[in-house]
Amino acid sequence: MKITDARVIVCSPGRNFVTLKIFTDQGIYGLGDATLNGMEKSVATYLTEYCIPALIGKDPGNIEDIWQYFYRGVYWRRGAVSMTAVSAIDMALWDIKAKLLDTPLYNLLGGRSRDRILVYAHANGANLGEAVENTAREVEKGFKAVRVQCGIPGVGNAYGVVTDKKPYEPAKRGLPPEEIWDTSLYLNYIPKVFGKIREVFGNDLHLLHDVHHRCTPIEAARLAKELEPFHLFWLEDPVACELQESLRLIRQHSTTPVAVGEVFNSVFDYTTLITEQLIDYIRMPLSHGGGITHLQKVAAFASFYHIATGFHGATDLSPVTLAAAIHFNTAINNFGIQEYMPHSEVVGDVFKTNYKFENGFLTIDDSPGIGVDIDEKAAARYPYITARLPVNRKSDGTLFNW
Ligand code: CS2
Ligand code: MG
């Protein structure tokens with residue numbers, strides 16, 4: 001079997017997506033998600049100019065070798081752009097192999113370990129009243145786990161909160177908008193938010209919260225400790241953790257579970273975090289973390305340290321990544337939870353999907369491969385639109401983590 005051609009499809013049904021389509025001499029093609037929010041064209045160019053010419057003629061069945069070719073074989077290893085490209089290639093190759101064998105992807109990853117995938121929804125509110133209302137809305141839809149983000153009095157832009165009542169979408173048209181942030185006001189207010197949410201919804205609803213890298217280690221330790229009585233399912237990205245050792249401080253002070261890594265792209269971002277058991281969930285998604293081939297290794301490594309998966313699943317990851325994640329989560333033993341931020345309806349014009357949400361869980365059908373298809377004619381009706389993630393500043397103007 002040989003790869004005969006490949007192309008990159010960039011489209012914007014409501015938001016930008018980059019999709020890699022790899023063709024073979026057996027008439028089978030595979031799809032991979034190459035979307036990197038706000039940096040879409042960098043990945044598209046890397047794939048088109050550098051990777052695709054080297055893929056043509058290779059046997060798509062040699063997934064491990066091709067993975068190594070684009071990781072080890074490229075002198076400039078790692079980094080978000082190149083690892084997103086490697087991930088897309090890898091996903092498309094697994095899709096081809098499973099289609100060739102006429103079996104759903106999860107069968108190649110070990111078969112079923114479970115029937116359904118626990119997911120968490122997003123609820124946010126400009127104020128506490130709205131956060132309660134919107135949490136209730138997600139509970140009514142059947143979600144058993146909800147991530148709650150709330151506006152903070154006196155803070156211009158709390159992460160994950162919308163003011164226009166539209167669903168939260170992490171990218172805005174044009175150049176990066178600037179947001180204003182104040183950690184001390186946030187730290188004083190957020191325990192009140194979770195106190196109220198617990199009081200209203202009781203103890204059984206799983207609650208999650210994303211700090212989005214905005215605390216220092218000691219601030220994060222205080223936050224994790226003060227949120228402890230509300231038994232969070234997890235506290236996400238409490239610090240920007242290029243410095244993995246900084247997570248030690250949080251562990252010394254609190255039993256609040258920690259999830260980290262949506263911006264990571266390699267096992268080497270995780271080694272201290274995993275071997276010292278400084279976290280509880282790995283967030284690195286299939287589309288940025290080296291695809292199925294690399295995540296299989298990371299998840300297996302994490303499993304020996306009682307750490308589970310909790311993959312990133314915001315709307316900037318395409319339906320191809322979500323479907324691939326459901327297969328992956330179906331197969332592995334140390335699955336924890338999957339983020340599920342449903343795509344807007346217009347995404348369905350372009351991507352034909354094979355998963356279903358029911359009563360708090362996602363399931364996937366048994367169509368061969370990953371099971372998602374792209375309608376290229378429809379994709380052409382939604383051309384790329386420049387959109388970027390915000391830049392964040394403290395209230396005195398200092399540039400800060402977004
Ligand atoms: C977030 C994302 O889903 C999450 O946990 O952190 O919304 C993130 O900000 C975006 O995916 C960035 O593109
Ligand atoms: Mg996050």
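**Exercise 1. Place Leu273 in this predicted model and decide whether Leu273 is buried or exposed.**

Solution. Start with the secondary structure: Leu273 belongs to helix 9, which covers residues 271-275. Next, look at the accessibility of the residue. Its relative accessible area is 0%, and the cut-off for buried is under 20%. Leu273 is therefore buried. To finish, try a distance. Leu273 and Ala54 are separated by 219 residues in sequence, and their C-alpha atoms are 35 Å apart in space.

**Exercise 2. Which strand holds Asp210, and is Asp210 buried or exposed?**

Solution. Find the strand to begin with: Asp210 is part of strand 8, residues 206-210. Then check the relative accessible area, which is 2% for Asp210. Buried means under 20%, so Asp210 counts as buried. For a last step, pick Asp5 as a partner. Asp5 and Asp210 lie 205 residues apart along the chain, with 41 Å between their C-alpha atoms.

**Exercise 3. Find the element that contains Lys97, then work out how far Lys97 is from Ile292 in sequence and in space.**

Solution. Lys97 sits in helix 3, made of residues 80-100. Now for the two distances: along the sequence, Lys97 and Ile292 are 195 residues apart, while in space their C-alpha atoms are 13 Å apart. You can also classify the surface of this residue. With a relative accessible area of 27%, Lys97 is partly exposed, because that class lies between the 20% and 50% cut-offs.

**Exercise 4. Where does Asp25 lie, and which accessibility class does Asp25 belong to?**

Solution. Look between two strands: Asp25 is in the loop that joins strand 2 (17-24) and strand 3 (29-33). Its relative accessibility is 43%, so Asp25 is partly exposed. If you then turn to Val391, you will find that Asp25 is 366 residues away in sequence and 45 Å away in space, C-alpha to C-alpha.

**Exercise 5. What is the sign of phi in Asp102 and in His231, and where do Asp102 and His231 lie?**

Solution. Begin with the general rule: most residues other than glycine have a negative phi. Now compare Asp102, whose phi is positive, near 55 degrees. Asp102 is found in the loop between helix 3 and helix 4 (105-108). At 59% relative accessibility, Asp102 is exposed, because the cut-off is over 50%.

Take His231 next. His231 also has a positive phi, near 45 degrees. The loop between helix 7 (217-227) and strand 9 (234-236) is the place of His231. Its relative accessibility is 58%, so His231 counts as exposed.

**Exercise 6. How many residues surround ligand 1, and which polar side chains lie at what distance from its oxygen atoms?**

Solution. Count the shell to start: 16 residues surround ligand 1, and the closest are Tyr159, His212, Glu262, Asp316 and Glu339. Sort the shell by class, and you get 6 nonpolar, 3 polar and 7 charged residues.

Now go through some atom pairs:

- Asn37 has a side-chain N or O atom 2.9 Å from an oxygen atom of ligand 1.
- Glu236 has a side-chain N or O atom 3.0 Å from an oxygen atom of ligand 1.
- Arg147 has a polar side-chain atom 3.3 Å from an oxygen atom of ligand 1.

Next, ask about cover: ligand 1 exposes 340 Å² when taken alone, and the protein buries 95% of that. Finally, name the site, which is the second largest pocket.

Notes:
Residues are numbered from 1 along each chain as its sequence is written. Chains are lettered from A and ligands numbered from 1 in the order in which they are written. This is a predicted model: local features need pLDDT of at least 70, side-chain atom pairs count only at pLDDT 80 or more; totals for chains, interfaces and linings use all residues. Side-chain values use heavy atoms; hydrogens and water are left out. A residue is near a molecule or strand if one of its heavy atoms lies within 4 Å of it. A polar contact is a pair of N or O atoms within 3.5 Å; within protein, one must be able to donate a hydrogen and the other to accept it, and residues adjacent in sequence count only if both atoms are side-chain atoms. Accessible areas come from the Shrake-Rupley method with a 1.4 Å probe; for residues, only the protein chains shown count as cover. On a 1 Å grid over the protein atoms alone, a cavity is a set of points where a 1.4 Å probe fits but cannot get out, and a pocket is an open set with protein on both sides within 12 Å along at least five of seven lines; lining residues have an atom within 4 Å of a point. A molecule sits in a cavity or pocket if more than half of its atoms lie within 2 Å of its grid points. Ala, Val, Leu, Ile, Met, Phe, Trp, Tyr, Cys and Pro count as nonpolar, Asp, Glu, Lys and Arg as charged, and the others, Gly among them, as polar. Helices (H or I, at least four residues) and strands (E, at least two) are DSSP runs, numbered from the N terminus. Buried means under 20% relative accessible area, exposed over 50%, partly exposed in between (1.4 Å probe, protein chains only).
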